[in-house]
Amino acid sequence: MSVEVRPDSSLKPYNTFGIETTAAFLVEYDTEEDLLDMCESGGMTLPWLHVGAGSNLLFTRPFPGMVFHSRIRDIEVVRETADDVLLRVGGGVIWDEFVAHCVRNGWYGVENLSLIPGEVGAAAVQNIGAYGVEASDVVEKVETVSFSGRRDVFTREDCRYAYRWSIFKQADMRDRFVTRVWIRLDKKEAYKLGYGAVEREVDRLGGRSLPNVRQAVINIRQSKLPDPKVMGNAGSFFMNPVVSRECFERLAARFPDMPHYETPQAGVKIPAGWLIEQCGWKGKSLGRAAVYDRQALVLVNKGGATGNEILALSEAVSQSVEEKFGIVLKPEVNIY
Ligand code: EPU
């Protein structure tokens with residue numbers, strides 16, 4: 001059990017955009033106790049940032065403080081009944097390896113979230129989602145260690161989950177490290193195939209089963225989303241905007257083909273990928289940054305791009321969307 005502190009360390013392996021930059025210190029820890037020891041010894045310096053696989057991050061300059069990364073990687077079965085299983089999962093477990101483990105064991109609930117890059121801790125902070133499922137559907141509670149050396153447990157309600165949001169994204173909660181996530185999964189067959197493309201692909205693969213749902217999601221994602229190992233990216237760069245019904249009616253009168261989804265709250269969600277494509281950005285480049293040619297919501301590093309090149313492209317894209325539709329896109333990625 002230990003803490004490894006590496007001064008002036010490259011952050012390239014810690015951001016899926018593949019941006020070459022550095023952290024003043026990179027800190028990797030094996031256990032909660034390691035973190036607490038560091039807090040108590042006064043070894044923490046500001047500013048700091050906790051990363052998972054860096055699949056939702058854009059670095060625009062060298063990070064002047066400590067970048068933390070968890071090596072808590074165990075998956076513990078806390079309780080198992082005939083109906084469900086409760087797991088306690090280390091924040092540093094690779095999310096997709098966790099999904100594969102659940103599918104192998106016949107546990108239902110996270111298969112729609114297959115192939116999402118990143119780690120379990122970040123998944124719970126960011127409330128990752130895809131194909132009709134969000135992390136918050138399965139998270140029971142979240143264990144944290146704070147900068148001041150406290151251990152706390154947050155229930156799902158405490159986390160106040162919303163679309164790509166949890167309380168851990170609030171500025172006053174930034175002094176917390178998510179160390180472990182409790183996840184409850186079904187052992188009885190339960191599929192969520194409401195997202196049309198998934199159901200079709202599952203049928204093509206031979207019908208409903210956990211491995212087929214996982215494979216269907218993998219196939220769909222691979223057909224639309226670039227593999228960060230091949231082409232740097234952070235998945236969707238922007239969130240899908242939710243506009244008021246009045247704003248939606250006004251836009252729909254001008255753009256009758258505009259896709260949209262009703263939301264449980266008052267507004268209407270419009271796919272940002274469509275807005276960006278309508279502005280002519282799909283497949284276009286600015287320097288070494290580009291809008292992916294198969295999914296306009298994804299910005300890619302064509303090779304050697306700086307964080308600022310990606311940022312400049314994102315600003316040009318959102319400016320076009322604002323000019324054409326009057327909608328301000330909000331980045332989904334965290335920019336540093
Ligand atoms: N669309 C276009 N052009 C594009 C892309 C999308 O017109 O280039 C329109 C189409 O109408 C399409 C609709 O947008 O039917 C939705 O596209 P898609 O199914 O690809 O989903 P998305 O809304 O663009 C969201 C998530 C993804 C997640 C998918 C599937 C956000 C910000 N993104 O994308 O999550 O995989 O749904 O559930 O909510 C991520 O967060 O990094 C991510 C990849």
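1. How many residues lie between β18 and β19 in the hairpin that they form? Six residues separate the two strands. Note that this is a predicted model.

2. Start with the hairpin pairing. Strand β18 covers residues 289–291 and runs antiparallel to β19, with three bridges between them. Ala289 has Asn301 of β19 as its bridge partner.

3. β19 has another neighbour. Strand β13, residues 232–236, is joined to β19 by three bridges, and the two run antiparallel. Here Ser236 sits opposite Val298 of β19.

4. Now the side chains of β19, which spans residues 298–301. Val298 and Val300 point one way. Leu299 and Asn301 point the other way. Are these four residues buried or exposed? All are buried. In general, side chains of a regular strand alternate between the two faces of the sheet. Asn301 is thus worth viewing twice: it is buried in β19, and it is the bridge partner of Ala289.

5. On the overall fold, the protein chain holds nine helices and 20 strands. Its radius of gyration is 20 Å, close to the 20 Å from the globule rule for 336 residues, so the chain is as compact as a globular protein of that length. The C-alpha atoms fill a box of roughly 60 × 50 × 35 Å along the principal axes.

6. On packing, 52% of the 336 residues count as buried. Of the contacts between residues at least 6 apart in sequence, 62% join residues at least 24 apart.

7. On the surface, the protein chain exposes about 15300 Å², and carbon and sulfur atoms supply 50% of that area. As for charge, there are 40 positive and 45 negative charges, and their mean positions are 4 Å apart.

How values were computed: Residues numbered from 1 in each chain as written. Predicted model: local features only at pLDDT ≥ 70, side-chain atom pairs only at ≥ 80, totals over all residues. Heavy atoms only, no water. Rg over C-alpha atoms; globule rule 2.2 N^0.38 Å. Buried < 20%, exposed > 50% of the residue type's maximum accessible area, 1.4 Å probe, protein only. Contact = heavy atoms within 4.5 Å. Areas by Shrake-Rupley, 256 points an atom, 1.4 Å probe, with all protein chains shown as cover. Lys, Arg positive; Asp, Glu negative; His and termini not counted. Charge placed at Lys NZ, Arg CZ, Asp CG, Glu CD. Pairing = 2+ DSSP bridges.
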